[in-house]
Structures are given as C-alpha cells and as structure tokens.
Amino acid sequence: MSKPKVFEKPTGVKDYLPEAAAKLRSIETNVLQCMERWGYSEIITPTLEFYDTVGVASSTEDRKLFKLLDRNGTTLVMRSDVTAPIARVVSSLLKEKPFPIRLSYHANVFRAFEAEAGRDAEFFQAGVELVGDASSESDAEVIALAIASLQAAGVERFKIALGHVGFLTGLFNETLKERSEAQQALKECLLNRDYVGYRDTIKSLGLSADMQQELEGILRLRGGQEICAQAKQVARDPMAQQSIEHLCEVWDVLEAYGVSEHVVIDLTMIGDFSYYTGMTFEGYAADLGFPVCSGGRYDNLLTQFGRPAPATGFALKTNRILEAVSKQPIITPSKVLIAYTASKRGEAFKKAHEMRQQGGTMVETRLIPDRLNDFQPVRKDDGTFFVNGAIYQDVIEFG
C-alpha cells in the first residue's frame, strides 16, 4: 500500500471550513437550546467505550464498528451511537435518579462503511433519550420535540414518517406463522425500501392469492389518521391490533401538540427491527433523498445494563441538516480590525478587550509599522474595509 500524500485524509471523513463549521455549530446550539427548553439536560459521553459492554449493546452492526485494542489487549470501540452509552450512564452513574429521565446530547459518531458506499465514517448527531416512560404520551413527546428541533435547526420543509415494529411483526406472525426466514426476508426488503424485492419475495413464497394481496396491501398503508382504521382491517393479530391502537393514541397527542400536519403514518417504516421494540419514525427534508432524523422506542436496551426500563428517543443527523440548510445565510457578528503601532499597543489592546466584553463583535488586532502611511485600508462602496484580502466592517487605528 502506498504512503498517503500529506494532504490526503481517510475515506469517509471530511474537513469543515470556517463557514461550514459556523453553520454546523449554529445548528448544534439552536437544537440543544430547543431541547433544553423541553426539559432535557445535556450529557457528554466518551468517544471510546468497551466493546463487551456498549459495543455489543449498540444498534450498530458489529462489522460497522471501529475497534481497537488498549495496552492491556482489551477491545474498545469508537462511539457508533450515543444511545447505548447513555443507557450505561442511566444504569450506573444515574441509577439513583428516579424515572423519567430526560437527556440530550450532541456528539460525533463513527461507523465503518465500505469505501464504495460513499457514506460518512464520521458524522454528527444531536438527540434526546426519554427513559422510564412507556406511554404513548412519551412517544408523542419525542416526535413533537424532533419536529421542534428540525425547525430550530432551520429545516423549513420536512415530513415525519411514523410506523410501528409491532404491526408488521404481528401481521407476519399471522400470515407467515413458523416461517421465520420468510418474515426476515420481507422485513429486510422493507428496511431497505426495496418494494420490488418485497413483492417478488411474496410471490416466491407460494401463498394463496388472498394472502399475497393482504401482504402487498401494507404498501398502501401510508397517510393520516385514516390509516389506523384501515390497518385494523388488514391484520387481526393481537400484537398488530395493539400496535395500531398505540399509534392512534400517539396521533391524538400529536394533534394536541398541533404538529400532526408534519406527520404521516407509514406502516412499511420498520426501522432497525432487531433493536426497536415499538414506535419508530424517520424525518425527511423536502430537498434531500435521505433521512435527517430517526428514532423510536427501544424497551430492551437498558436490561443489558442491569436497570430494565422503557425508553424512547431520536437523533438528528446534523451534518445532513447542514446540507439541507447550506444555502441559508448565517448571521455572523461584525468583524472589526484594530491596527496599532508598537507605541500604542496598550491602548489598542484595552479597546479590543472592551469591545470583546460587549459581545456581538469579532475583534482582530494587528501590529503595523510606526508610520501609518504604510497601512492603507481600502474603503469599499458598501462602507466596509478591505485589508490584505480580508473584509472588515470597521478599522480602528492606534498610532
């Protein structure tokens, strides 16, 4: 393997130049402030975790984990999500804190993808976890907060697709009883949004025409509250019926929040069915073809850390949101240059300190020759100043 050039970087990681970094931090700040207003306290977890605890509990496939060994030969993983680390903290450092617990976060996470996949190996997430509440109220709360967070991030047009793992599990148990491989294959197709493959798989199972029609019918179960009534007619399985009742309750709460216009029920939306245990959802920005938000209920995770509790939450993909809002201008503070000669250094630094304390202004200082004639800012038509390739709203000279 050839040695990388000095300007190269590994596949799947990127540099964020000042303008992009400023927008990313603006998104992060606005989202975290929104979450705080809803009662969620920020938590920061380590970049490195033990594989045998957090790694195996994570929703991330094992082959997508970045693993390394410490000096003792113990396998570590780089944080692939924040949900599993938070479950560890809730079950240990916060074990005396009563439920429900509301936590928020923003962090970079790492996942190993095939080079040709064109996916990010490092990306940024902001999210919340609501632990210790199994009600439909809590599920609706995190969806409503996801909507508020997307709006705080500057995403103007988006839709939340809402589904339930239990509906599909119940339907498949009813129609494909004791055919676990067929159920798995159909779920994989829905997870990958491969509807052609889903139909082809159904045809290959040798089912009756009525059964095929029933299974294909779920592809049309997408819309508003009316989908709840339609879904009840499709599956009679108790788990499926209970799941639809739960979604109906969630929808009612979302209507009370006044945000149901942003939500569509999509019963083909299954999420990671090996991880989620109930309601799942994804958020799609109008101008992007991939989700900028995902979440759902995961009631089994905390059991792995010794403190069984229901939990629900979501994560915003803030670097993807950056793509959705990249054309929007960012409000940056005015930029002022204070130029000084050596003899006036003290006065210049005092002025710079005063302006920085006031806030709202970026203040740069620059030493210039004792002869001010050698320092000649160019005033532009819009009133700003051009100095050595940089633009300043004002130039203050001490000399």
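Is glutamate 255 buried, partly exposed or exposed, and what is its relative accessible area? Glutamate 255 is partly exposed, at 41% relative accessible area, because the partly exposed class runs between under 20% for buried and over 50% for exposed. Welcome to this structure, which is a predicted model. Here is a short tour, from the whole chain down to two patches on its surface.

**The chain as a whole**
- You will find 12 helices and 18 strands in the chain.
- Along the principal axes, the C-alpha atoms fill a box of roughly 95 × 55 × 50 Å.
- Of the 399 residues in the chain, 47% are buried.
- Among contacts with a separation of 6 or more, 68% link residues that are 24 or more positions apart.

**Surface and charge**
- The chain has an accessible surface of about 20700 Å², and carbon and sulfur atoms account for 49% of that.
- The chain carries 45 positive and 54 negative charges, and the mean positions of these two sets lie 6 Å apart.

**The negative patch**
- Glu137, Glu249, Asp252 and Glu255 form a negative patch on the surface.
- Helix 10 (residues 238–257) gives the largest share of this patch, with 3 residues.
- Glutamate 255, the residue from the opening question, has its place in helix 10.

**The nonpolar patch**
- Val378, Phe386 and Ile391 make a nonpolar surface patch of about 240 Å².
- Phenylalanine 386 belongs to strand 16, which covers residues 385–387.
- Phenylalanine 386 counts as partly exposed because its relative accessibility is 39%.

Terms used. Residues numbered from 1 in each chain as written. Predicted model: local features only at pLDDT ≥ 70, side-chain atom pairs only at ≥ 80, totals over all residues. Heavy atoms only, no water. Patch = residues over 30% accessible without salt bridge, like charges linked within 9 Å, V, L, I, M, F, W, Y side chains within 5 Å. Areas by Shrake-Rupley, 256 points an atom, 1.4 Å probe, with all protein chains shown as cover. Salt bridge = Lys/Arg side-chain N within 4 Å of Asp/Glu carboxyl O. Helix = DSSP H or I, 4+ residues; strand = E, 2+ residues; numbered from the N terminus. Buried < 20%, exposed > 50% of the residue type's maximum accessible area, 1.4 Å probe, protein only. Contact = heavy atoms within 4.5 Å. Lys, Arg positive; Asp, Glu negative; His and termini not counted. Charge placed at Lys NZ, Arg CZ, Asp CG, Glu CD.
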